[in-house]
Amino acid sequence: MRSILIVTLGSGLLLAQDHAGFKSGQDAEAGAQLFFANCSNCHGVDGATVPGVDLARNKFKTASTDDDLIQIILKGVPGTGMPPTNLPRDLASNIVAYLRSLVAPTVFNGGDAKRGHDLFTIKGCTNCHRVLGTGSRTGPDLSEIGSMRKPKELDESILDPDADIKPNNRTFKAVTRDGTTITGRVINRDTFTFQVIDSKERLLMLEKAELREFSFSDKSAMPSFKDKLAPAEIADLVTYLMSLKRMDSK
Amino acid sequence: MKYLAWSGSLLFAGSFVAPVLRAQVSFDRILNANKEPQNWLTYSGNLNGQRYSELAQITPASVSNLEMKWAFQARSTEKFETTPLVVEGKMYITQAPNDVIALDAATGRTFWAYNYTPSTDARPCCGRVNRGVAILGNTLFMATIDSHLIALDATNGHPIWNTVTGNAKAGYAMTLSPLVVKDKVIVGVAGGEYGIRGYIAAYDAKTGKEVWRFYTIPGPGEPGHETWPDDTWKNGGAPVWVTGAYDSNANLTYWGVGNPGPDFHGSERGGDNLYSDCVVALDADTGKLKWYFQFTPHDVYDYDAVQVPVLADMEWKGRNRKIMLWANRNGFYYALDRTTGEFLNGKPFSTVTWAKGLDERGRPMRIAADNPASNAQRIYPGPLGATNWYSPSYSPRTGLFYIPAWDNTHADFQDAPVEYKEGKNYTGGVLKNYGAGIRANQVLDRKEEDGYGVVRAIDAKTGDRKWEFKMADLTMSGILTTASDLLFTGSRDGYFSALDARDGSLLWKVSVGGDIAMGPMTYQVNGKQYVAFAAGSSLFAFTLRP
């Protein structure tokens with residue numbers, strides 16, 4: 001039995017982005033799966049729980065090259081808590097690809113991050129989204145979105161926001177027993193309650209038993225920009241969003 | 001018999017002080033534990049594994065008046081999986097990984113602590129945890145993650161003997177609460193993810209000397225050995241993770257056996273791989289195999305039979321039969337004749353896609369291929385199963401079997417070979433899109449389609465679902481039922497709840513903010529019934545407010 005062998009990877013979450021610089025055969029996405037299955041138990045999901053090591057920032061104690069990292073993954077570090085594994089070398093290489101992807105810059109379809117940054121404001125993205133302290137909190141905060149999504153996923157989200165909505169980004173609507181309607185996003189939940197950020201950016205705790213009704217919509221609150229942005233503008237926007245890595249790597 | 005001790009009520013403000021004869025916990029008392037429900041003498045409360053108590057002071061009408069009486073904070077950040085024992089007002093718990101602590105059951109104050117530091121060779125695959133102690137006479141027994149069995153004086157926590165049962169360096173580890181049968185202490189060894197050869201072994205309670213050993217993988221010349229090609233039997237796993245049960249009439253002790261290794265790479269171990277994923281019935285005096293029943297032949301999904309065997313006597317199609325109830329990690333519920341091992345009935349209790357059902361002998365009719373392919377294949381339930389080590393409960397009053405279940409959990413299994421090296425992970429294969437396993441942070445960001453926890457109440461005779469109580473997150477909590485038709489359970493989202501055992505309606509809940517990953521239990525001291533459970537790093541005792 002393994003009551004806990006593997007820290008789960010939520011479907012589609014925290015996948016690494018593509019990176020043109022990877023050697024043939026390296027697969028950062030598969031590496032992300034392996035990382036969460038094999039490494040994050042000790043290193044943490046953000047890779048920073050072992051003192052002196054910050055995997056997301058590619059800060060290692062002794063390793064510098066990809067091969068150094070592969071050797072450590074395969075053989076461990078004697079005298080420390082880092083055990084050897086019996087992963088095949090190509091899978092260890094995928095983990096390295098994932099770690100490298102966390103700090104690598106990404107250019108999508110020749111886009112320009114600076115132009116994308118300007119578009120982000122001009123096109124009204126900040127009316128719902130927040131980046132590094134600017135913008136609304138009603139939509140997901142995108143300050144680290146470059147670490148969490150692949151370019152093609154961001155591209156899809158801009159063109160077809162309904163295609164793949166993360167569970168906590170679904171539009172939530174509830175009516176309390178006194179008839180008050182609440183809309184927003186459920187940012188956490190348990191068997192008996194919802195924790196919600198509503199359309200006025202308030203954090204609300206709702207007891208299910210106190211609600212007359214509640215529902216989730218599989219439609220995104222975000223409009224499609226398919227006919228509102230040119231392909232080049234979308235490339236700029238995605239390139240900008242991909243530059244938004246996890247805050248501690250800046 | 002020779003001990004005369006002061007009762008724990010010394011510390012209980014306002015209570016009278018009286019000398020209490022500390023009776024030895026004879027095996028006869030353990031055998032008849034239901035007659036003294038104020039105590040909790042074994043992991044499951046009794047030897048039949050029911051986790052059912054005759055205490056009835058707390059009722060469906062009064063349960064909403066429960067309040068916390070005391071809390072004990074563990075000096076450990078590991079999962080708190082212990083089921084406390086209570087004997088005459090003294091509570092005995094383990095603190096992960098391998099400390100034993102004696103508490104006053106009325107106040108939670110500590111009498112003594114025995115701190116054991118396991119060898120650095122210890123490598124339990126899935127948490128440095130422990131599920132509790134056993135008692136016989138005035139001696140406590142703890143199984144450790146470095147594969148020692150340790151006997152302690154229950155009065156002062158001093159070690160009496162310490163027996164090495166297996167090679168910790170090669171992955172042999174113990175996390176279970178031992179089972180006392182007569183004058184023996186029975187344990188099983190974990191390590192199925194490290195290529196061990198599993199066993200169940202009995203030790204003399206007085207001396208710690210091994211009396212018998214049953215290997216869960218038959219050696220050359222033994223029946224069942226032919227189900228392992230070549231030398232695969234040497235590293236075939238088949239570990240034991242959870243305490244067994246005992247039937248005194250048949251003098252049989254029953255144990256669930258874990259998965260074969262490598263877990264997800266089965267092509268080199270073609271065959272049924274006995275006695276992995278079996279329940280084995282052993283003669284309690286000799287360890288000789290009387291019968292076995294295999295739930296998952298040639299398992300490639302980690303579907304260990306890692307559950308407490310639940311024994312119940314009931315009328316079955318016109319005659320009284322001795323039954324064993326089993327909700328397996330593979331998603332099927334089984335009823336067996338526990339004297340012979342005959343399969344009587346079985347049905348899925350959760351979403352199952354790897355098999356379309358059970359045949360007339362209880363063998364699964366597989367849909368999925370015998371071995372994962374090089375292309376990932378999605379299978380329900382996932383490798384953590386439709387249930388796991390968390391104790392179920394059976395109430396003889398309701399006739400219902402209560403399963404702490406997971407539904408909708410799944411994973412994409414993909415083949416990958418692995419070479420055996422001593423002490424190294426030996427699981428093989430790759431898992432993908434592992435929707436619902438361990439939650440890494442406090443926020444639940446998953447849909448129900450990716451897995452949820454649920455208490456499923458099953459008619460023990462028909463296997464039909466009678467009611468269910470769904471949770472937002474998964475559950476690793478066991479279930480306790482009582483003679484007042486209460487059901488207590490916890491959840492990973494940090495609630496401890498009381499349900500009506502008859503219809504599943506929620507009667508009371510309390511938010512305690514930590515994962516409840518143990519089996520709740522109940523006891524009575526100074527005339528008051530308590531319910532105890534651990535959540536996060538704390539152990540709580542609740543009782544009715546005056």
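Strands here are DSSP runs of E of at least two residues, helices are runs of H or I of at least four, and both are numbered from the N terminus; two strands pair if DSSP finds at least two bridges between them. The model is a predicted one, with local features needing pLDDT of at least 70, side-chain atom pairs counting only at pLDDT 80 or more, and totals for chains, interfaces and linings using all residues. Residues are numbered from 1 along each chain as its sequence is written, while chains are lettered from A and ligands numbered from 1 in the order in which they are written.

In chain A, Ile197(A) sits opposite Leu203(A) of β6(A). That contact belongs to an antiparallel pairing of β5(A) with β6 (residues 203-207), held over 5 bridges. The two strands make a hairpin with 4 residues in between, and Glu201(A) in the turn takes a positive phi of about 65°. On the other side of the story, β4 (residues 181-189) of chain A runs antiparallel to β5 (residues 193-198) of chain A, again with 5 bridges. Here Val186(A) faces Val196(A) of β5(A), and 3 residues separate β4(A) and β5(A) in their hairpin.

Zooming out, chain A splits into domain 1 (28-101), domain 2 (113-164 + 222-249) and domain 3 (171-217), with bounds taken from an automatic or database domain assignment. The C-alpha centres of domains 2 and 3 of chain A are 26 Å apart. Confidence, given as pLDDT (the predictor's per-residue score from 0 to 100), averages 83 for chain A, and 87% of its residues reach at least 70. Residues 1-25 of chain A are another matter, with pLDDT below 50. Where pLDDT is low, the predicted coordinates should not be read in detail.

Chain B carries 1 helix and 40 strands. Its radius of gyration (over C-alpha atoms) is 22 Å, close to the 24 Å from the globule rule for 546 residues, so chain B is as compact as a globular protein of that length; the rule is 2.2 Å times the number of residues to the power 0.38. Some 59% of those 546 residues count as buried, meaning that 20 or more other C-beta atoms, placed from the backbone, lie within 10 Å of the residue's own.

The largest nonpolar core (buried Ala, Val, Leu, Ile, Met, Phe, Trp, Tyr and Cys joined through C-beta atoms within 7 Å) has 158 residues, with Tyr92(B), Ile135(B), Val185(B) and Leu325(B) touching the most other members. A second, separate core of 35 residues includes Ala32(A) and Tyr303(B).

Note on methods
Buried ≥ 20, exposed ≤ 12 C-beta atoms within 10 Å, placed from the backbone. Contact = placed C-beta atoms within 7 Å.
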